[in-house]
Amino acid sequence: MCDVSGKLVAWMDGELTENEAADVEQHVRDCSGCRNRVEAYGEVSRLVVTYCDAAAATRPRRKLPRWVPALAGAVALAALLVFIFRPTVVKPMPIVARAADRAPASVPEAGSTPIKVKAKTVHRRHEGVTRRNPNTDWAFADPAFQIVIPAEAMFAPGALPEGTFFRADLSMASDGSVQGLRLLQ
Amino acid sequence: MSGDSLPFPLPFQKFAADSCEATTLYHELRKPLLRYLSGLGLSADDAQDAVQDAFLRLHKHLVAGGSQENIRGWLFRVVHNDARNRQQSYDRRFGQSFDPDFDLISAGATPEQAVIEKEKLRRLGNAMRSLSNAEQECLLLRAGGLRYREIAEVLDISTSTVGETVERAIRKLAEKCNV
């Protein structure tokens, strides 16, 4: 490596003093190795400028930021969970109205429109009316069902003649539960 | 935005005798500034934004009565600092810098010449990435047309250090690119 080899680029860039530049110029004229270096350095300098110009003219194909796929996955998972575990709406059991003519108890047909018990019936107990006899006065002024109970269900076998049954009025609460039962004579 | 026209009127009444000189300054420095920023790895859009921001800051600097000496070095220093901030943000967002599209600069060359030139540029790009930050910055500021003294001011190092760094960087690139 020649002594002036560390000044070749500065010489090419015109950064040396007049005396230094004259020395380097003389050396380059005589040294084929340094002439080749000067040529190579000039080519590298040209390539650097070309490289930067190409970069300045390039519109990058931007990659998605790293958090985008993670966010998309989280949203998809949340949507899936909501779909699977979506809250179910609990519909209150329809309260079937009492048959107008006190017909025997019957199961309402599927698809038939349930008729709500009149508010009068449901809220009567909360209206502050003084009851003379709570055991007989509740709700049975307007029972929902009339049912038939076989005697075998209430008494030991043989206690009553076979085929004996009892009829009873059944009153329903607003939530569909049995509110009361009264045997009919 | 093409970036060929001034984004705002520069207050160069003190600095320049007329608006033509201000426009000349913008046209003279815009491309070297873009070249420097792109060489550092900024996208073309970010480089354009950085240059616009630099001239906006120059406008405010001059309106506020700032120094009018070495405006060129002042602009390069501004975009240099801006580039570092943008580059960190860019790396965080996109993981890595992009590769230039060398097809853009091969127009007019024969297919064989274009292939050879692209291969040289590809090797140069790889070699550039192996340089230290200081070597890259000195090299790119030199490619932007700055004198060693101006580079020293931008990077806040001595002029002799700039000379040594540029020499070393060019020698490394020549060896790695085998030119």
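What is the mean pLDDT of chain B, and what share of its residues reach 70 or more? In this predicted model, the mean comes out at 81 for chain B, with 77% of its residues at 70 or more. Confidence varies from element to element: within chain B, helix α7(B) has the highest mean pLDDT, at 94, while α3(B) sits at the other end with the lowest, 77. As for the model's overall scores, ipTM is 0.77 and pTM is 0.57.

Next comes the place where the two chains meet. Chain A brings 26 residues to the contact, and chain B brings 32. On the chain B side, at least two residues come from each of α1 (19-39), α2 (44-63), α3 (71-94), α4 (111-129), α5 (133-143) and α7 (159-177). The top contributor there is α7(B), which puts in 7 residues. Sorted by character, the residues of chain B that touch chain A are 21 nonpolar, 6 polar and 5 charged.

Then there is the nonpolar interior. The largest nonpolar core counts 56 residues, and B:Leu33, B:Leu37, B:Ala54, B:Val79 and B:Leu124 are the ones with the most contacts inside it. Chain A has a hand in this core too: its helix α3 (residues 32-57) gives the most, with 9 residues.

B:Ala54 offers a look at one of these well-connected core residues. Setting aside neighbours within four places in sequence, B:Ala54 is in contact with B:Leu33 and B:Val79, and also with B:Leu75, B:Val78 and B:Asp82. Two of these partners, B:Leu33 and B:Val79, are themselves listed among the core residues with the most contacts.

Methods. Residues numbered from 1 in each chain as written. Chains lettered and ligands numbered in written order. Predicted model: local features only at pLDDT ≥ 70, side-chain atom pairs only at ≥ 80, totals over all residues. Contact = placed C-beta atoms within 7 Å. Helix = DSSP H or I, 4+ residues; strand = E, 2+ residues; numbered from the N terminus. Nonpolar A, V, L, I, M, F, W, Y, C, P; charged D, E, K, R; others polar. pLDDT = per-residue confidence, 0-100. Core = buried A, V, L, I, M, F, W, Y, C linked by C-beta atoms within 7 Å. Buried ≥ 20, exposed ≤ 12 C-beta atoms within 10 Å, placed from the backbone.
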